[in-house]
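Here are my notes on the nonpolar cores and the strand pairing. Please read them alongside the model.

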Amino acid sequence: MRLKQRLISKEGKILRRFVILAIAVTGLLAFGATTASAAANFKSQSFSVNNQGQLICSFDVAGLGNVSSTQAHCTAPSTAVYQCINNGGKNPAASKKHTSTGFTGHEETIPVHNGRAQGDIAVNPAGPGTFTCPSGQTLYLVSACYTDISLTVGGTTVSDAGPVCSGPIMVRQ
């Protein structure tokens, strides 16, 4: 009888240790999964407008894990001003301008090396729509501004209220 009680007692201790170990391992796995998915972070980001009127979203993101690539996208409302210029390169006396607005964005697959992604995404300004120039004149983009910029890389997002604008530019359309 004593032998039977000792076996039951030993089995109880073994079972209790197994349950404690199982709970501990499950907790560690759950914590590890949460930490891994939340580990992506921006080391740096910047937003500028190039001489073509495009918004350039530059980034350096670390903590992306052991993947070969990730999705990155940059979006923003834009305001673009288009103007007709005569073939002599001058503004005509009756300067014809058009301001267009629209939500713009671009998405790319970015390579990841050792858990880190670096790159630039170029976002085009809102187009001129149906605005056209009369005969003897050419359409140019003369300025572009972007506000409420959102950049997402590997599921982590940063934003900038802006505005981020171009200087005077002359981009032939």
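1. A term first: two strands pair if DSSP finds at least two bridges between them. Helices (H or I, at least four residues) and strands (E, at least two) are DSSP runs, numbered from the N terminus.

2. This is a predicted model: local features need pLDDT of at least 70, side-chain atom pairs count only at pLDDT 80 or more, and totals for chains, interfaces and linings use all residues. Residues are numbered from 1 along each chain as its sequence is written, and side-chain values use heavy atoms, with hydrogens and water left out.

3. β3 and β6 are antiparallel and share nine bridges. Within β6, T79 has C145 as its bridge partner.

4. C145 also has a bridge partner in β9, namely C165. β9 (residues 164-165) pairs with β6 through two bridges, again in the antiparallel sense. Two bridges also join β6 to β10 (residues 171-172), antiparallel. There, Y140 is matched with R172.

5. β6 is mostly covered, with seven of its ten residues buried (under 20% relative accessible area; exposed is over 50%, partly exposed in between; 1.4 Å probe, protein chains only).

6. The largest nonpolar core (buried Ala, Val, Leu, Ile, Met, Phe, Trp, Tyr and Cys residues joined through side-chain atoms within 4.5 Å) has 24 residues. F47, L55, F59, C74, I149 and L151 have the most contacts inside it. β1, β2, β3, β5, β6 and β7 each supply at least two residues. β2 gives the most, with four.

7. A second, separate core has eight residues, including F131, L141, I169 and V171.
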